[in-house]
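Work through the exercises below with the sequence and the 3D structure at hand. Try each task before reading its solution.

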Amino acid sequence: MAAAVATVPASRRLPAHPLSASTAAPSLIRLAGSSRRLRRALRVSAAAEEADVLPGPGVGELEMLPAGLLEDLPEGALGGSQLDIGGLAFQGDIGGGFAPGGSTGGNKMLDRGINTAIVLGASTYALTKLLTVDQDYWHGWTIFEILRYMPEHNWSAYEEALKTNPVLAKMMISGVVYSLGDWIAQCYEGKPIFEFDRTRMFRSGLVGFTLHGSLSHYYYHFCESLFPFKDWWAVPVKVAFDQTAWSALWNSIYFVALGFLRWESPSTIFSELKATFFPMLTAGWKLWPFAHLITYGVVPVEQRLLWVDCVELIWVTILSTYSNEKSEARISDGASISTDSKDNSR
């Protein structure tokens, strides 16, 4: 039996499995290819550590992006949403969508609603006070009679307030006028009527209430005691004194007070005041000398501030524009310098 098995011819032997030979070679090829890719990936990884690079979206194809390139790419260049964390721009679709400025619209609508409420509330209150000045005597009055006596009775109420507490009455008038003046200035600068800067308007009104009303009350009495003459030439003398000494003093007080309320440094305030002092003073000469011919020639001392405050609606617009233009220009220049220095440091 052993001899028979040993002598079986080669042609009678069972052939090998047909897949064994065909799969052996590809397996060896894949192994060799895998080892080459592994060595190449290790070389690239070492190079990446030395060159400080970030792996890009095609690591399998060995695509590499230099560090910081994602920051310089325009928005949407890689598709999806972008998130900036710690100075690095991250791309990708974030659940629900990502809108970096999405809350700005809501804040703008809220500010507009608050401003509208302030304007409508103040207007309603003022009209109500004017129309109901003599409501205690309305019994049996017609609408025509109420409107007929309203100006006269409001003027009588104002004169009574001047006798009772003249300083407080003038402070309130100046506070209202300076708030309105700044609001007009902002509208003149191009802001919509209900999108004004509330903080800026309240700053101006606070300066008018606390400083202008009280200081003007004492100034006009001081001016009358300094120039007690009743001759015609006393009027131009008072106007000249007003438009030099008093205007220079008040413009400086207003500018410095607004600067401190904006939390600016003293050096910044005084440098800006130095740059705008003479332009503000000479700008007043185009308006006030003509108005003060009436102030010192016709209007009684106690009524002067009311007349002046009516003209101040124009002047406060100019003052507020000068003051805030300088502040906004300085902030804008600071932002541009910071941006330039950041670009140069790259």
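Axes are lines fitted to C-alpha atoms, for helices over the stretch in contact, and angles run from 0 to 180 degrees between N-to-C directions. Helices are DSSP runs (H or I, at least four residues), numbered from the N terminus. The model is predicted: local features need pLDDT of at least 70, side-chain atom pairs count only at pLDDT 80 or more, and totals for chains, interfaces and linings use all residues. Residues are numbered from 1 along each chain as its sequence is written, and side-chain values use heavy atoms, with hydrogens and water left out.

**Exercise 1.** Describe how α6 and α7 pack.

Solution. Step one: locate α6 at residues 166-188 and α7 at residues 198-226. Step two: their axes come within 7 Å and cross at roughly 140 degrees. Step three: the crossing of α6 and α7 is right-handed (the near helix is turned clockwise from the far one by less than a right angle; anticlockwise would be left-handed).

**Exercise 2.** Describe the packing of α8 and α9.

Solution. Step one: α8 covers residues 234-261 and α9 covers residues 266-284. Step two: the angle is about 145 degrees, and the axes are 9 Å apart. Step three: contact means heavy atoms within 4.5 Å. Residues making the contact include Ser-247, Phe-255 and Phe-260 of α8 and Phe-270, Leu-273 and Phe-277 of α9.

**Exercise 3.** Compare the span of α5 with the expected value, then find its kink.

Solution. Step one: the expected span is 1.5 Å times one less than the number of residues. Step two: α5 (residues 143-164) has 22 residues, so it should span 32 Å, and its end C-alpha atoms are 30 Å apart, which agrees. Step three: a kink of about 40 degrees lies at Met-150, shortly before Pro-151. The bend at a residue is the angle between axes fitted to the seven residues ending there and the seven starting there. Step four: Met-150 is also buried, as are Ile-146, Asn-154, Tyr-158 and Leu-162 (buried means under 20% relative accessible area, exposed over 50%, partly exposed in between, with a 1.4 Å probe and protein chains only).

**Exercise 4.** Which residues does Val-301 touch, not counting residues up to four places away in sequence?

Solution. Step one: Val-301 lies in the loop between α10 (288-297) and α11 (304-345). Step two: Val-301 is partly exposed, with a relative accessible area of 22%. Step three: Val-301 touches Tyr-220, His-221 and Glu-224. Step four: Val-301 and Tyr-220 are 81 residues apart in sequence and 6.7 Å apart in space, C-alpha to C-alpha.

Terms used: Helix = DSSP H or I, 4+ residues; strand = E, 2+ residues; numbered from the N terminus.
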